[in-house]
Amino acid sequence: MDQLLPKPRGKLSEKRALNDLTWLRVGGPADYLFQPADIEDLQHFMKELPADVVIFPMGVGSNLIVRDGGLRAVVIRLGRGFNGISVEGNTVTAGAAALDAHVARKAADAGVDLTFLRTIPGSIGGAVRMNAGCYGSYTADVLRKATIVTRQGEVLDLTPEDLNFRYRQSDLPDGAVLISATFEGSSGDPEELHARMAAQLQKRDETQPTKDRSAGSTFRNPAGFSSTGRADDVHDLKAWKVIDDAGMRGASLGGAQMSPKHSNFLINTGTATAADLEGLGEEVRKKVYETSGITLEWEIMRIGDPLKE
Ligand SMILES: Cc1cc2nc3c(=O)[nH]c(=O)nc-3n(C[C@H](O)[C@H](O)[C@H](O)COP(=O)(O)OP(=O)(O)OC[C@H]3O[C@@H](n4cnc5c(N)ncnc54)[C@H](O)[C@@H]3O)c2cc1C
């Protein structure tokens with residue numbers, strides 16, 4: 001395929017392993033990894049890329065299991081050139097490669113409340129695509145505009161309506177790459193906003209295995225909602241509870257384990273393969289179904305091919 005690929009100014013690597021680009025540190029090679037130099041480079045590459053080549057835009061891999069056989073696609077990962085953050089009044093515009101935590105901090109410095117992004121370890125591209133949220137706030141609540149490069153290489157602005165946000169999901173045109181997003185947060189006192197973020201970080205450290213390699217919540221809560229922290233959240237059937245009831249807290253397979261600290265966190269204890277992680281997740285789903293009749297749905301995205309025998 002390489003003869004057919006456009007020659008970009010950015011970095012194009014063939015058969016690039018993806019394990020070091022995901023939080024779980026697993027995953028086989030992508031056919032190609034493309035790190036565009038800037039928007040024009042990305043546009044040119046997308047325009048010239050044969051229409052049948054699959055592209056997969058990747059953030060910082062905090063919600064992904066890439067299978068051990070890798071991805072038959074060109075993975076596009078944005079870096080420098082796509083991570084600017086600017087604040088004007090209560091409007092914050094961030095490049096898709098900017099980390100959620102950086103955006104939250106910079107917004108707080110300027111007295112804008114995007115504090116919920118502080119403890120989510122992804123990038124803005126991933127936050128928009130996944131409608132990331134916690135502590136009662138979601139990306140959908142604050143997003144005003146998202147800018148993409150279409151599969152044909154055109155720059156296009158999308159409205160929140162275009163994105164059709166749902167629980168941990170939004171719609172993007174096929175093959176599109178998000179390049180930036182504009183948010184509007186409410187006003188707050190910078191000191192109070194920073195104090196709230198510090199408290200939320202502490203709460204995470206107390207209740208979740210934040211020092212381990214994970215991809216966050218493994219399964220959706222059975223009611224289809226995450227624990228929002230809202231007083232009116234009556235969806236109290238939690239994934240961690242049904243996993244506990246099935247006796248799977250701490251269960252392991254190869255190097256994969258359901259965290260003893262939080263049973264809905266699947267962790268790589270150091271030697272896990274993607275097959276270990278996915279296999280353990282499937283075993284948990286089976287045991288939960290047997291004990292409670294509930295079918296757990298994956299929240300972590302699983303992509304790519306298993307290793308061939
Ligand atoms: C410890 C831990 C805690 C977590 N807690 C939370 C939480 O509280 N709330 C929550 O919502 N999530 C949480 N997550 C999950 C994860 O951080 C979020 O889903 C995050 O938004 C994913 O962002 P990412 O950049 O890592 O995206 P990736 O995992 O790389 O990709 C996720 C999806 O986004 C798409 N995507 C990424 N960038 C782009 C782009 N530029 N253009 C188009 N598509 C793109 C990918 O194609 C893929 O479909 C947690 C994860 C961990 C490890």
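These are my notebook entries on a predicted model with a bound ligand.

**Entry 1: the ligand site**

I began with the ligand and looked up its surroundings. I found 33 residues around the ligand, and the closest are Pro-57, Ser-62, Ser-123, Gly-133 and Arg-204. Next I went through polar contacts to the ligand's oxygen atoms. At Ser-62, an N or O atom of the side chain lies 2.7 Å from a ligand oxygen. Gly-59 uses its backbone instead: one of its polar backbone atoms is 2.8 Å from an oxygen of the ligand. Asn-63 also brings in a polar backbone atom, at 2.9 Å from a ligand oxygen.

How much of the ligand's accessible area does the protein cover? I read off 95% of the 960 Å² that the ligand has on its own. I then asked which elements give two or more residues to the shell, and noted strand 3 (55–58), helix 3 (124–130), strand 9 (133–134) and strand 13 (177–184). Helix 3 gives the most, with 5 residues. Sorting the shell by residue type, I got 19 nonpolar, 11 polar and 3 charged residues.

**Entry 2: Ser-123**

Ser-123 was on my list of closest residues to the ligand, so I gave Ser-123 its own look; at 4% relative accessibility it is buried. I placed Ser-123 in the loop between strand 8 and helix 3. Leaving out residues up to four places away in sequence, Ser-123 touches Gly-59, Val-60, Ala-96, Ala-97, Ala-98, Leu-99 and Asp-100. Gly-59 is a familiar name here, with its backbone contact to the ligand.

**Entry 3: the cores**

I turned to the nonpolar packing. The largest nonpolar core has 49 residues, and Leu-42, Ile-76, Leu-78, Val-103, Ile-124 and Val-128 have the most contacts inside it. Strand 13 supplies the largest share of this core, 5 residues. I picked Val-103 and listed its partners beyond four places in sequence: Ile-85, Val-92, Ala-94, Ala-98, Leu-114, Leu-117 and Ile-124. There is also a second, separate core of 24 residues, with Ala-215, Met-248, Leu-266 and Leu-296 among them.

**Entry 4: helix 1**

Leu-42 led me to helix 1, residues 39–48, where Asp-41, Leu-42, Gln-43, Phe-45 and Met-46 are buried. At the N-terminal end of helix 1 I found a cap: a side-chain oxygen of Asp-38 lies 3.3 Å from the backbone nitrogen of Glu-40.

**Entry 5: Gly-111**

Is Gly-111 buried or exposed? Gly-111 counts as buried because its relative accessible area is 9%, under the 20% cut-off. Gly-111 sits in the loop between helix 2 (100–109) and strand 8 (112–113). Its contacts, again without residues up to four places away in sequence, are Ser-186, Ser-187, Gly-188, Pro-190 and Leu-193. I also checked Gly-89, 22 residues from Gly-111 along the chain, and the two C-alpha atoms are separated by 8.9 Å.

**Entry 6: positive phi**

Last, I looked up two residues that have a positive phi without being glycine. Asn-131 has a phi of about 45° and lies in the loop between helix 3 and strand 9. Arg-168 has a phi of about 50°, and I found Arg-168 in the loop between helix 5 (160–163) and strand 13. I checked their burial too: Asn-131 is buried at a relative accessible area of 4%, and Arg-168 counts as buried at 13%.

How values were computed. Residues are numbered from 1 along each chain as its sequence is written. This is a predicted model: local features need pLDDT of at least 70, side-chain atom pairs count only at pLDDT 80 or more; totals for chains, interfaces and linings use all residues. Side-chain values use heavy atoms; hydrogens and water are left out. A residue is near a molecule or strand if one of its heavy atoms lies within 4 Å of it. A polar contact is a pair of N or O atoms within 3.5 Å; within protein, one must be able to donate a hydrogen and the other to accept it, and residues adjacent in sequence count only if both atoms are side-chain atoms. Accessible areas come from the Shrake-Rupley method with a 1.4 Å probe; for residues, only the protein chains shown count as cover. Helices (H or I, at least four residues) and strands (E, at least two) are DSSP runs, numbered from the N terminus. Ala, Val, Leu, Ile, Met, Phe, Trp, Tyr, Cys and Pro count as nonpolar, Asp, Glu, Lys and Arg as charged, and the others, Gly among them, as polar. Buried means under 20% relative accessible area, exposed over 50%, partly exposed in between (1.4 Å probe, protein chains only). Contact means heavy atoms within 4.5 Å. A nonpolar core is a set of buried Ala, Val, Leu, Ile, Met, Phe, Trp, Tyr and Cys residues joined through side-chain atoms within 4.5 Å.
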